[in-house]
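I opened a fresh page for this chain and noted what I looked up, entry by entry.

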Amino acid sequence: MIWRSWDLNLKVRLFGELITHTFFWMYFPFMAIYFSDTFGKDVAGLLLMVPPLLGMLSNLFGGYLADRVGRRFTMLLSLCTSTVMFALFAFSPSPWIDYIAFIGIGIAGALYWPASSAMVADLTTEEDRRIVFATFYTAMNIGVVAGPVLGSVFFVHYRPQLLMFCTIVELLFAITVFFLIKETLPEHVRQEKAKERFSLIQQFKSYAIIFRDKAFALYIGAGILIAIGFMQLDIYMALYVKEHVMQQPLFSWGNWTYSIGGTSAFGWLMALNGFLVVLFTLPVTRWFENWSDRNSLVISSILFGVGLFLMAFTTNIWLLFGCMAILTFGELMRTPVAQSFISKYSPEDARGQYMGASSLQFSIGRFIAPLTIGLSQWLAPVGVFGVILGLTLVSAYLYIILFRMIGASEGS
């Protein structure tokens, strides 16, 4: 499916999400460091567990809204909320207001993604979804290339100005969605949902039915474990690099040397992750398009865990780049497959809710992930990274069980 043949909804959102993510990655990777420096590690670890907890509820509510009132309305609600929260963050007089704004931005993002993913699924065929999701993932990660490097300067020295630009970008994207994006929720689904009386109790009952699906629940469990590992890029890995990777040469030319260390080294590592994602998401998706979902998810979990674990044994920036390449390859194998799997697995009239429920793996993973900050007070880096590796290996095993279960169900 070539880009020129895409629906206008997809084209507009692809460009808008590319821009918003560029600014997002200029501030988000540094929040764990910022709150750790401001409140201390123990308090920061606890504080960082709250936004994902609220994000879980927002994911579920976002999926419910996407299926009941529409994808477009839900995305607009999210973008308007994030615009207000970024403005609050920009003009914040205290770190606690910063924290409240950070929570609000997280809630807004959690509302957005179930509707966004459901809209992609609405507008694509099953055979095209992996490539379309991979293209969106590539666009979102273009910001990861430059964002952390720029953020290591702008977030530290020009944070209010950076956050004001984020406010303006979110507002412009909301206006664009309002005027150019059309609703994609199937009309017959909308009419059926309109007959139902809105009820929070009914909402949670519908999710309870979803989670009684044992295969889907196992998928969520495996996803939570790998998400805990993935979130360490912005949490424990950020602290590890800041505390252990000392200033060292990155490039030398004659008498000229460019050195990095600490926060700047972390920015470069995240930039490499984004650069590799941008360059190789589509090629890797095409290379492995004939692989089964099972093999892709299992191998990706193993590679991601191994890449992180190897970081414990070096503080050399070039060896850390190598570790980042390994874990990024695992990330590239996983993401389009995971999104496509849910699109295939979910029924049309509950697609938004399944997308919202699927997003819980990241919300719950993000909720648990900050515990590694406290764990680092008691364990050496090899111990913390070892725990993370163990979680990703268990995730791989759960995926094996999941596809055995699905195969047995299809064969019966």
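**Entry 1. Overall.** I began with the spread of contacts along the sequence. Among contacts in the protein chain with a separation of 6 or more, residues 24 or more positions apart account for 85%. I note here that the model is predicted. I then looked up the secondary structure and found 18 helices and 2 strands in the protein chain. For burial, I read that 55% of the 412 residues of the protein chain count as buried.

**Entry 2. Helix H2.** I went to helix H2, residues 31–39, and found it mostly covered, with 7 of its 9 residues buried. Which residues of H2 are buried? I listed Met31, Ala32, Ile33, Tyr34, Phe35, Ser36 and Phe39. I also checked the backbone just after H2, where Gly40 has a positive phi of about 95°.

**Entry 3. Tyr99.** Phe35 of the H2 list led me to Tyr99, since Phe35 is one of the residues in contact with Tyr99. Tyr99 sits in helix H6, which covers residues 95–122. Its relative accessibility is 7%, so Tyr99 counts as buried. With neighbours within four places in sequence left aside, I found Tyr99 in contact with Phe35, Leu47, Val50 and Pro51. I took the pair with Pro51 further: Tyr99 and Pro51 are 48 residues apart in sequence, and their C-alpha atoms are 9.3 Å apart in space.

**Entry 4. Salt bridges in general.** I next looked for charged pairs. Side chains of opposite charge can pair when their charged atoms come close. My count by the rule used here came to 4 salt bridges. I followed up some of them below.

**Entry 5. Arg13 and Glu17.** I found a salt bridge between Glu17 and Arg13, with the closest N and O atoms 3.3 Å apart. Both residues lie in helix H1, residues 8–27, and they are 4 residues apart, about one turn of the helix. Are these partners buried or exposed? Glu17 counts as buried because its relative accessibility is 2%. Arg13 has a relative accessible area of 0%, so Arg13 is buried too.

**Entry 6. The network at Arg71.** I then looked up Arg71. Its side chain meets that of Asp67 in a salt bridge, at 2.9 Å from N to O. Asp67 is at 1% relative accessibility and therefore counts as buried. Arg71 is at 0% and likewise counts as buried. A salt bridge also joins Arg71 to Asp122, with the closest N and O atoms 2.8 Å apart. This pair links distant parts of the chain, as Arg71 is in helix H5 and Asp122 in helix H6, 51 residues apart. I recorded Asp67, Arg71 and Asp122 as linked in a network of salt bridges.

**Entry 7. Thr74.** I stayed in helix H5 and picked Thr74, which lies there. Thr74 has a relative accessible area of 0% and so is buried. Which residues is Thr74 in contact with, leaving aside its neighbours within four places in sequence? I found Gly62, Leu65, Ala66, Val69, Leu111 and Ala115.

**Entry 8. H5 against H8.** I looked up how helix H5, residues 71–90, packs with helix H8, residues 159–180. Their axes come within 8 Å and cross at roughly 160°. H5 is therefore roughly antiparallel to H8, the angle being over the cut-off of 145 degrees. I noted the crossing of H5 and H8 as left-handed. On the H5 side, the contact is made by Arg72, Leu76, Leu79, Ser82, Thr83, Phe86, Ala87, Phe89 and Ala90. On the H8 side, I listed Pro160, Leu163, Met164, Cys166, Thr167, Glu170, Leu171, Phe173, Ala174, Val177 and Phe178. By type, the residues of this contact divide into 15 nonpolar, 3 polar and 2 charged.

**Entry 9. Thr20.** Glu170 and Phe173 of the H8 list came up again when I turned to Thr20. Thr20 is found in helix H1. At 10% relative accessibility, Thr20 counts as buried because the cut-off is under 20%. Not counting residues up to four places away in sequence, Thr20 touches Val169, Glu170 and Phe173.

How values were computed: Residues numbered from 1 in each chain as written. Predicted model: local features only at pLDDT ≥ 70, side-chain atom pairs only at ≥ 80, totals over all residues. Heavy atoms only, no water. Axes fitted to C-alpha atoms, helices over the stretch in contact; angles between N-to-C directions. Parallel < 35°, antiparallel > 145°, perpendicular 65-115°, else oblique. Left-handed = near helix turned anticlockwise from the far one by under 90°. Contact = heavy atoms within 4.5 Å. Nonpolar A, V, L, I, M, F, W, Y, C, P; charged D, E, K, R; others polar. Buried < 20%, exposed > 50% of the residue type's maximum accessible area, 1.4 Å probe, protein only.
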